[in-house]
Amino acid sequence: MIQRYWAMDESGQFREKVSALGEVVQLPQGVTLAAFIRQRCNAFDENQICPQCEELVEVRNRSQACKSALRSTTLCTRCRKERDALALEAEKTKAAELVSVLAEYRRTQACHVVDYSAITDAQVLLLSALDKAVTPRLTNAGFTLADCRGLAPRYFDEFVETLKSAGLLLEDPSKAKPGTYYWNGDEVWQISAQVAYLLMPGSAGVNANEVIRSLSARVYTDRDGIFNLWLDYAVAAVMCYLGDQCKWYGHELGEQEWDEIKSTLRAALHTYSVSQLWFVAWKVVKDAASLASHQYYNRVKAAATIPGKIRRYLERVKRESIELRYWSRPEQQPGGTLGMLFDEVFDIDEDTSGVAATLRIARATGQEHADEIDAQLCAPIRDLMIDALALDAGTSVMLRFAELIRAGYDVGCAVEEIGDSLQREHADDHSAQSSSAGQQS
Ligand SMILES: [Zn+2]
């Protein structure tokens, strides 16, 4: 039966059909003829020779057999097993190497500790918001970029990126899904979306939870830094709504146009509230949509008018002192944990105008009168500098200034004190000069 199954003529055709042979023997239920034959013999194809050991290659069924002699590319069973074993061994070695490379990578990052009392106010706010968005994974289990969606309505990845580039987040391969890091040749590559991050360790002995607690006790003083973060956040809130509106009407904008809009909005947010700019976004996108249905326009051209329309509309609002409407929060657009934090700490939300936001941040940071103080100091400092240079007393003035500051004087008092003494000396010099002049005469 086996002989008949494998018998071939000179042209490489099998002499008998499988279906015909199948009727010769009684096959058990569910067993094919090929399986029946395979159980009872090992067949080697004289037309296929193993390229490695030059033995005949084993074939399991008729379709694997060759019609004519051929330098086979298939290895024989034994060579294949040897090769597979070698490959498995190499793979194991590489895998072990990857584990140690990644452990080393984590170790070198964790060597740098962060002094959390020295980071900026904006970084404190962002970290606190991030902690709320991914809690408790910032401090222990690790989080991925996608986990940070709750941070802000849009550009949450850019916010996380600023923390990363400030060295406040640690990439922890041991917390990432298996397969996140892999060899590509001799380089380790990663699947960015699966990379897991953690809070960088604080100074020795301070654990991550204590770091987070210390952030909430921060006394904010950096007025400009915080206002800039508010602008970043507010731009994201407006852009989220604008993006949704554009999608709804099928407007497709290029990257350059988005950037242009972002700049316009950022400038406008110094004056207006997020909700007022939601209204502008709604109006402009709707106008562009009606333009698209105009016979001389097409969709692409109409979409391209959006950045210009926003700018011109805002210019008109300013020129004609138009009262901008307040739009209510779009459905399905939560403010994110960063928005909540601004509300909690500074009492600023989507309805707060840019002007009011500036004032509230200034008040909360104790910088409300900073500009006035600057202005008050301007004239005395200017006078002091002029006098000091005129009298060629620059060095002694600076040394005296440093001395007074160290002694606890504030800048205003120190300037006043030095200014007075400088004038006294000047007057003494004068009288000395005139008295000596008197003697001469
Ligand atoms: Zn072989």
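Start by selecting E368: leaving out residues up to four places away in sequence, E368 touches A362 and R363, where a contact means that two C-beta atoms, placed from the backbone, lie within 7 Å. E368 sits in the loop between helix 14 (354–364) and helix 15. Helices here are DSSP runs (H or I, at least four residues; strands would be E, at least two), numbered from the N terminus. Color E368 as partly exposed, because it has 15 C-beta neighbours inside 10 Å. The scale goes like this: 20 or more other C-beta atoms within 10 Å of a residue's own is buried, 12 or fewer is exposed, and in between is partly exposed, with the C-beta atoms placed from the backbone. Now add R223 to the selection: R223 and E368 are 145 residues apart along the chain, yet their C-alpha atoms are separated by 9.0 Å.

A word on what you have open. This is a predicted model, in which local features need pLDDT of at least 70 and side-chain atom pairs count only at pLDDT 80 or more, while totals for chains, interfaces and linings use all residues. Residues are numbered from 1 along each chain as its sequence is written.

**Next stop: D392**

Move on to the loop between helix 15 (370–390) and helix 16 (394–406), and pick D392. Phi of D392 is near 55°, a positive value in a residue other than glycine. Is D392 buried or exposed? D392 is exposed, because 8 other C-beta atoms lie within 10 Å.

**Zoom out: the domains**

Color the protein chain by its domain assignment: domain 1 (2–79), domain 2 (112–215), domain 3 (223–364) and domain 4 (370–432). Those bounds come from an automatic or database domain assignment. If you drop a marker at the centres of domain 2 and domain 4, taken over C-alpha atoms, the two are 48 Å apart.

**Helix 8 against helix 13**

Two packed helices are described by the angle between their axes and the distance between the axes. Select helix 8 (residues 223–249) and helix 13 (residues 336–346): they pack at an angle of about 130°, with axes 11 Å apart. The axes are lines fitted to C-alpha atoms, for helices over the stretch in contact, and angles run from 0 to 180 degrees between N-to-C directions. Helix 8 and helix 13 are therefore oblique to each other. For the cut-offs, under 35 degrees is roughly parallel, over 145 roughly antiparallel, 65 to 115 roughly perpendicular, and the rest oblique. The crossing of this pair is left-handed, that is, the near helix is turned anticlockwise from the far one by less than a right angle (clockwise would be right-handed).

Which residues make the contact? Show side chains for W230, Y233 and A237 of helix 8, plus L338, G339 and F342 of helix 13. By class, that contact has five nonpolar, one polar and no charged residues. Ala, Val, Leu, Ile, Met, Phe, Trp, Tyr, Cys and Pro count as nonpolar, Asp, Glu, Lys and Arg as charged, and the others, Gly among them, as polar.

**Helix 5 against helix 7**

Now pick helix 5 (residues 121–134) and helix 7 (residues 208–216), whose axes come within 10 Å and cross at roughly 125°. That makes helix 5 oblique to helix 7. Helix 5 passes helix 7 in a left-handed crossing. To see the contact, show V124, L127, S128 and D131 in helix 5, which meet I212, L215 and S216 in helix 7. The residues of this contact divide into four nonpolar, two polar and one charged.

**Along the loop from helix 5 to helix 6**

P136 is in the loop between helix 5 and helix 6. Look at the backbone here: a cis peptide bond joins T135 and P136, with omega about 0°.

Further along, P153 is in the loop between helix 5 and helix 6 (156–165). P153 counts as buried, because it has 24 C-beta neighbours inside 10 Å. What does P153 touch, not counting residues up to four places away in sequence? Select A236, A237, C240, Q333, G335 and G336. For contrast, try S117: P153 and S117 are 36 residues apart in sequence and 28 Å apart in space, C-alpha to C-alpha.

Y155 lies in this loop too. Y155 has a positive phi of about 55° although it is not a glycine. With 18 other C-beta atoms within 10 Å, Y155 is partly exposed.

**Last stop: L33**

Finish in helix 3 (residues 33–40), where you will find L33. L33 counts as partly exposed, because it has 19 C-beta neighbours inside 10 Å. Leaving aside neighbours within four places in sequence, L33 is in contact with V18, L21, G22 and L27. The C-alpha atoms of L33 and V18, 15 residues apart along the chain, are separated by 7.3 Å.
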